[in-house]
Amino acid sequence: MRIDIMTLFPDTVGDLMNESILGRAQERGYIRIETHQIRDYTVNRQNQVDDYPYGGGQGAVMTADPLYRCWCELCEQAAGPVHTIYLSPCGTVFNQAHARRLTNYENLILVCGHYEGIDQRFIDECVDEEISIGDFVLTGGEIPAMAVADAVARLIPGVLSESACFEDESHWSGTLEYPQYSRPEVWHGLQVPSILLSGHHEKVRLWRRKQSLLRTRDRRPDMYKKLDLSSKEDRKILREIADEEAGEDDI
């Protein structure tokens, strides 16, 4: 997969995208992440990428022309069709399902806006979808673009050591991940749950499933309501939870 990020701050974005797991994955050829300075595609001497909004109002708007020239060059460089995403607070809120879907594209272009946004005509002509990372506003699209690129890239085969690295994580199957522990066994008087020291893999698996369901129920009831808990295993776990909580109420 190739991910191209159109930005006013390519060095900042590129430094992060080239570190750690994503950096090693690029060195090994599993993914390619490139950043592109939008100012390089201006035709004015000041490398100006913004102008006053028609109709008045605060701030400035990124003009369509440099964005379009940058986008056209990236489309020409791509080995196949591109899917273009504009990172915008007006977009659909991003989640793990989006990340999984986006792995189906070989070429992604992520457009980072600034100021009051970008000229709508560029969006209408070149953008396939708008994505938001939450119901809040940032000063630019770089942080959302890096978040989307990271979430998608780590799902590409070979980027992580094995698929279990992300399949056990929060949101993959509609639940939040179970608690994790490491050495030492006792820290500040707090003990690692004894089941994790037992060496009994099936009991550990069931404990983790139980903790995952509890955490999802308590922290994200909206997600919990959507779960299919009709399996024999889940029904047994739910009975255990109900019995334990009933016992606590009796104390």
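# Reading a predicted fold, step by step

User: How many salt bridges does this structure have, by the usual rule?

Analyst: The count comes to 13 salt bridges. Here is the general idea: side chains of opposite charge can pair when their charged atoms come close. The rule asks for a side-chain nitrogen of Lys or Arg within 4 Å of a carboxyl oxygen of Asp or Glu. Before we go on, please note that this is a predicted model, where local features need pLDDT of at least 70 and side-chain atom pairs count only at pLDDT 80 or more, while totals for chains, interfaces and linings use all residues. Residues are numbered from 1 along each chain as its sequence is written, and side-chain values use heavy atoms, with hydrogens and water left out.

User: Which residue forms a salt bridge with Arg-101?

Analyst: The partner is Glu-129, and the closest N and O atoms of this pair are 3.0 Å apart. Arg-101 sits in helix H4 (residues 96–102) and Glu-129 in strand E7, so this salt bridge ties together parts that are 28 residues apart in sequence. These labels come from DSSP runs numbered from the N terminus: helices are H or I with at least four residues, strands are E with at least two.

User: Is Glu-129 buried or exposed?

Analyst: Glu-129 is buried, with a relative accessible area of 15%, whereas its partner Arg-101 is partly exposed at 31%. The cut-offs are under 20% relative accessible area for buried, over 50% for exposed, and partly exposed in between (1.4 Å probe, protein chains only).

User: Which side chains meet Arg-217 in a salt bridge?

Analyst: Arg-217 pairs with Asp-218, with the closest N and O atoms 2.9 Å apart. Arg-217 also meets Glu-245, at 2.7 Å from N to O. This second pair links distant parts of the chain, with Glu-245 in helix H10 (residues 232–250) and Arg-217 in helix H8 (residues 201–219), 28 residues apart. Arg-217 counts as partly exposed, at 27% relative accessibility, and Glu-245 is partly exposed too, at 28%. Elsewhere, Glu-202, Arg-205 and Glu-233 are joined into one network by salt bridges that share partners.

User: In what order do the strands of the open sheet stand?

Analyst: Five strands make up the sheet, in the order E2-E1-E6-E5-E7, and their pairing is parallel. Two strands pair if DSSP finds at least two bridges between them. The edges are strand E2 (32–37) and strand E7 (129–132), each of which pairs on one side only. From one strand to the next, the twist averages 30°. Within the sheet, strand E5 (residues 83–93) and strand E6 (residues 107–112) run parallel and are joined by five bridges. To find this pairing in the model, look for Ile-85, which stands opposite Leu-110 in E6.

User: Which helix packs on the sheet and touches E1 and E2?

Analyst: Helix H1 (residues 10–17) does so, and its direction makes about 170° with that of E2. Contact here means heavy atoms within 4.5 Å. For the angles, axes are lines fitted to C-alpha atoms, for helices over the stretch in contact, and values run from 0 to 180 degrees between N-to-C directions. Helix H6 (residues 142–153) lies across E1, E5, E6 and E7, running at about 160° to E6.

User: How many disulfides are counted?

Analyst: The count is zero. A disulfide is a covalent bond between the sulfur atoms of two cysteines, and the rule wants those sulfur atoms within 2.5 Å. Take Cys-70: its nearest cysteine sulfur, in Cys-72, is 9.4 Å away. Cys-70 counts as buried, at 0% relative accessibility.

User: Why is Cys-112 without a bond to Cys-70?

Analyst: The sulfur of Cys-112 has its closest cysteine sulfur in Cys-70, but they are 10 Å apart, too far for a bond. Cys-112 is buried as well, with 0% relative accessibility.

User: Where does the backbone do something worth a second look?

Analyst: Arg-183 and Pro-184 are joined by a cis peptide bond, with omega about 5°. Pro-184 is in the loop between helix H7 (164–167) and strand E8 (186–187). Asn-47 is not a glycine, yet has a positive phi of about 55°; its place is the loop between E2 and strand E3 (50–51). Tyr-115 also has a positive phi, about 60°, without being a glycine, and it is found in the loop between E6 and helix H5 (120–126).
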